[in-house]
Amino acid sequence: ALHMIDHPDATVEDLMQFVKGPDFPTGAQILGRSGLIDAYNTGRGSIKLRAVAEIEENRRGDMSIVVTEIPYQTSVEVIGQKVAELVNDRKIEGIRDVRNASSGQGGNRLVIELKRDANAQVVLNQLYKHTPMQTTFPVHMLALVDGVPRLLDLQKAIKVYVVHQQEVVRRRTEFRLRKAREREHILE
């Protein structure tokens with residue numbers, strides 16, 4: 001917004017050096033930039049999100065996949081249920097147990113314990129393919145402009161935001177001035 005105020009003719013490409021991408025509250029990784037570029041240039045796009053998972057080995061040598069960040073608008077419970085379904089239907093082999101080890105403070109943690117003979121990377125790739133651990137998130141940058149819903153690119157969205165903030169500050173200042181003048185009249 002500050003860059004747009006200083007450079008009113010800034011392009012979407014100029015603004016993308018400041019706005020790298022959306023910051024989803026559940027974390028996860030954004031795969032590729034083409035969906036983001038489409039969203040910022042046209043107001044519409046599709047972002048591919050992938051859970052952050054690590055392959056860990058415990059003291060006994062057993063392997064497990066630990067998922068710590070999940071795609072936006074999914075949950076650890078949903079992913080856990082889907083994994084359990086896939087194991088029961090024998091679509092994914094090599095999983096011994098799935099447990100939700102999330103803490104109450106909003107930290108996501110799903111532990112998928114593997115059988116001894118399982119290839120952890122193969123199982124992880126199957127999980128990305130068949131579960132909500134990898135999803136597509138649609139982007140529609142829709143905003144009310146003069147009371148009418150409009151699809152905005154990044155540049156127009158920031159311009160509309162700056163104009164709105166200027167209007168808010170102007171109205172707030174006028175209100176405070178009016179109240180101060182009314183008080184001044186009473187004090188006189």
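A salt bridge here is a side-chain nitrogen of Lys or Arg within 4 Å of a carboxyl oxygen of Asp or Glu. The model is predicted.

**Exercise 1. Salt bridges**

Task: Find how many salt bridges the rule gives, and decide whether the pair of arginine 116 and aspartate 62 qualifies or fails.

Solution.
- Step 1. Start with the principle: side chains of opposite charge can pair when their charged atoms come close.
- Step 2. Apply the rule to the model. The count comes to nine salt bridges.
- Step 3. Check the pair. The N to O distance between the side chains of arginine 116 and aspartate 62 is 3.3 Å, and they meet in a salt bridge.
- Step 4. Place both residues in the chain. Arginine 116 sits in the loop between β6 and α5 (120-130), and aspartate 62 in the loop between β3 and β4. They are 54 residues apart, so by the given description the pair links distant parts of the chain.

**Exercise 2. The four-stranded sheet**

Task: Give the strand order of the open sheet of four strands, and identify which strands stand at its edges.

Solution.
- Step 1. Read the order: β3-β4-β6-β5, with antiparallel pairing.
- Step 2. Find the edges. β3 and β5 each have a single partner strand, so one side of each is left without a neighbour in the sheet.
- Step 3. Take the angle. Neighbouring strands are turned by 20° against each other on average, direction ignored.
- Step 4. Look inside the sheet. β4 and β6 run antiparallel and are joined by four bridges. Valine 67 stands opposite leucine 110 in β6.
- Step 5. Add the helices. Helix α4 (residues 76-88) packs on the sheet and touches β5 and β6, its direction making about 160° with that of β5. Helix α5 also packs on the sheet; it touches β3, β4, β5 and β6, at about 155° to the direction of β3.

**Exercise 3. The three-stranded sheet**

Task: Work out the order of the sheet of three strands, and state how many bridges join β2 to β7.

Solution.
- Step 1. The sheet is open, its order is β1-β2-β7, and the pairing is antiparallel.
- Step 2. β1 (29-31) and β7 (134-140) are the edge strands, each pairing on one side only.
- Step 3. On average, neighbouring strands are turned by 40° against each other, direction ignored.
- Step 4. Seven bridges join β2 (residues 44-50) to β7. Arginine 50 has glutamine 134 in β7 as its bridge partner.
- Step 5. Helix α3 (residues 34-42) lies across β1, β2 and β7, and runs at about 150° to β2.

**Exercise 4. The hairpin**

Task: Describe how β8 and β9 are connected, and find the residue in the turn with a positive phi.

Solution.
- Step 1. β8 (residues 142-145) and β9 (residues 148-151) pair in the antiparallel sense over four bridges.
- Step 2. Leucine 144 stands opposite proline 149 in β9.
- Step 3. The two strands form a hairpin with two residues between them. In the turn, aspartate 146 has a positive phi of about 55°.

**Exercise 5. The largest pocket**

Task: State the volume of the largest pocket, and find which element gives the largest share of its lining.

Solution.
- Step 1. The volume is about 180 Å³.
- Step 2. The pocket is lined by 13 residues; the closest to its centre are Asn58, Ser64, Arg99, Val111 and Glu113.
- Step 3. β3 (52-57), β4 (63-69), β5 (95-100) and β6 (110-114) each give two or more residues to the lining.
- Step 4. β4 gives the largest share, three residues.
- Step 5. Sort the lining by type: three nonpolar, two polar and eight charged.

Key: Residues are numbered from 1 along each chain as its sequence is written. This is a predicted model: local features need pLDDT of at least 70, side-chain atom pairs count only at pLDDT 80 or more; totals for chains, interfaces and linings use all residues. Side-chain values use heavy atoms; hydrogens and water are left out. On a 1 Å grid over the protein atoms alone, a cavity is a set of points where a 1.4 Å probe fits but cannot get out, and a pocket is an open set with protein on both sides within 12 Å along at least five of seven lines; lining residues have an atom within 4 Å of a point. Grid points are joined across faces, edges and corners, and a volume is the space filled by probe spheres set on the points. Ala, Val, Leu, Ile, Met, Phe, Trp, Tyr, Cys and Pro count as nonpolar, Asp, Glu, Lys and Arg as charged, and the others, Gly among them, as polar. Two strands pair if DSSP finds at least two bridges between them. Axes are lines fitted to C-alpha atoms, for helices over the stretch in contact, and angles run from 0 to 180 degrees between N-to-C directions. Contact means heavy atoms within 4.5 Å.
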